[in-house]
Amino acid sequence: MTKKITVIPGDGIGKEITDAAVAVLKKIDDVYQIGLEFTWKDAGGTAYDKYGTPLPDDTVASAKAADAVLFGSVGGDQWDHLAPDLRPERAILGLRKALGLYVNLRPVKVMDVLAEYSPLKEEIAKGTDLLIVRELIGGIYFGDKCESEMHNGVERAWDLENYSIPEVERITRFAMTAARKRRSKVTSVDKSNVLATSRLWRRTVTRLAEDYPDIAVDHLYVDNCAMQLAIHPTQFDVIVTSNLFGDILSDEAAVLSGSIGMLPSASIGESTSLYEPIHGSAPDIAGQGIANPCATILSAAMLLRYSLDEDAAADAVEQAVETALREGYRTPDLYREGFTKVGTEGMTQAILAHIGE
Ligand code: NAD
Ligand code: IPM
Ligand code: MN
């Protein structure tokens with residue numbers, strides 16, 4: 001048996017962090033004999049420079065044919081001037097669409113060992129364990145848009161947000177099912193006091209909630225949710241929300257864990273699932289060997305769990321990350337005096353040391 005993994009490093013720190021995660025997966029494969037087979041493909045600005053497109057057909061074909069995709073990150077200032085369809089970010093948006101990845105899972109767990117690194121007071125952050133279920137291929141990201149037009153003598157641009165009932169239903173059902181394996185609470189986040197799409201969203205979630213009497217469902221406006229995350233994050237179990245709100249709230253929630261470099265994600269849908277850290281290509285630190293690889297390594301753990309059904313291997317990776325942190329290894333984003341400062345490579349080695357021991 002072989003399991004095909006397409007690795008798409010992308011730009012910026014993408015290569016450094018996916019190299020780290022592949023090293024972990026290779027060690028896992030030695031121990032658990034999964035039969036992993038890796039293929040590397042280009043995407044983002046790197047692909048644009050080579051082929052004139054941020055998402056080559058060959059990359060999409062490889063992703064579709066794989067058992068799972070491990071993605072790094074795309075983007076960088078040097079490509080910001082490009083036309084919207086040629087920008088590096090088109091690569092990840094195009095892959096999500098091509099693979100029908102309508103669910104994005106972003107689990108935020110404040111590990112006890114890192115609770116003091118949270119920008120929140122330790123007593124507020126400690127115990128945070130929530131799952132953001134972000135709708136990923138609809139809403140304003142994929143609606144009609146106009147980059148520039150003249151209207152009453154002035155230039156304007158617009159983006160259209162739209163959601164259909166089936167789109168809201170499928171993400172809601174996913175969130176409800178996920179909550180059953182957790183603490184059975186779903187908070188739906190919208191802006192239904194203002195937006196029509198949010199009113200349809202809330203109506204649909206409210207109706208579906210009747211099918212899940214075992215799940216406690218509540219609703220929050222997104223502005224209030226942003227505040228609640230900062231004052232009382234432990235109240236949340238599963239948060240289900242639209243593409244744009246999920247993007248914004250997940251960066252806020254990520255940093256509760258101490259660093260955005262800790263937060264993994266899984267994107268799930270109609271064909272191959274894709275795993276990526278929630279952070280970007282971090283151009284400010286790219287090439288320095290100091291990026292925190294944990295988010296990508298934890299994304300690899302999600303890959304083992306969700307795409308390959310290798311729960312024991314996934315647990316082993318998660319535990320190895322926690323053990324390395326407990327031993328005091330820290331990349332600069334999490335470093336404090338008295339700990340052991342390491343770069344991407346050093347952190348990866350510290351984690352590898354606890355796999356198959
Ligand atoms: P970013 O997440 O790349 O960086 C924000 C800050 O967090 C930076 O200071 C960065 O150094 C730090 N950071 C991020 N990941 C880190 C890690 N693993 N270890 C240590 N520090 C880390 O966000 P940005 O600066 O807003 O965006 C940079 C580029 O990345 C843009 O082109 C953006 O479009 C793109 N982006 C891509 C993805 C993706 O590929 N999925 C996600 C977000 C942003
Ligand atoms: C993310 C990123 C992407 C998004 C960008 C790079 C298109 O911010 O994965 O969170 O907005 O979805
Ligand atoms: Mn984002």
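# Two domains and the interface between them

User: How many residues of domain 1 are in contact with domain 2?
Analyst: This is a predicted model. Contact here needs heavy atoms within 4.5 Å. On the other side, domain 2 brings 24 residues. Domain 1 brings 22 residues.

User: Which stretches of the chain make up domain 1?
Analyst: The domain assignment gives two domains. Domain 2 covers 119-257. Domain 1 is written in two pieces, 1-109 + 259-357.

User: How far apart do the C-alpha centres of domain 1 and domain 2 lie?
Analyst: The two domains touch, with 22 residues of domain 1 in contact with domain 2. Their C-alpha centres lie apart by 24 Å.

User: Which three residues supply more than any other three of the area that domain 1 buries against domain 2?
Analyst: Domain 1 and domain 2 bury about 2,200 Å² between them. Of that area, 64% is on carbon and sulfur atoms. On the side of domain 1, three residues supply 32% of the buried area. They are Tyr102, Arg106 and Val108.

User: Which residue forms a salt bridge with Glu270?
Analyst: The count between domain 1 and domain 2 is one salt bridge. A salt bridge needs the nitrogen and the carboxyl oxygen within 4 Å. For this pair, the closest N and O atoms are 3.4 Å apart. The partner of Glu270 is Arg170.

User: Which element gives the largest share of the side of domain 1 that touches domain 2?
Analyst: Eight residue pairs are in polar contact across the interface. Three elements give two or more residues to the side of domain 1: helix 4 (89-98), strand 4 (103-109) and strand 11 (264-268). The largest share is seven residues, and it comes from strand 4.

User: What radius of gyration does the protein chain have?
Analyst: The chain holds 12 helices and 14 strands. Its C-alpha trace spans about 60 × 50 × 45 Å along the principal axes. With 357 residues, a compact globule would have a radius near 21 Å. The chain agrees with that, at 20 Å.

Conventions
Residues are numbered from 1 along each chain as its sequence is written. Chains are lettered from A and ligands numbered from 1 in the order in which they are written. This is a predicted model: local features need pLDDT of at least 70, side-chain atom pairs count only at pLDDT 80 or more; totals for chains, interfaces and linings use all residues. Side-chain values use heavy atoms; hydrogens and water are left out. Domain bounds come from an automatic or database domain assignment. Buried area is the accessible area (1.4 Å probe) that two parts lose on being put together, summed over both. A salt bridge is a side-chain nitrogen of Lys or Arg within 4 Å of a carboxyl oxygen of Asp or Glu. A polar contact is a pair of N or O atoms within 3.5 Å; within protein, one must be able to donate a hydrogen and the other to accept it, and residues adjacent in sequence count only if both atoms are side-chain atoms. Helices (H or I, at least four residues) and strands (E, at least two) are DSSP runs, numbered from the N terminus. The radius of gyration is taken over C-alpha atoms; the globule rule is 2.2 Å times the number of residues to the power 0.38.
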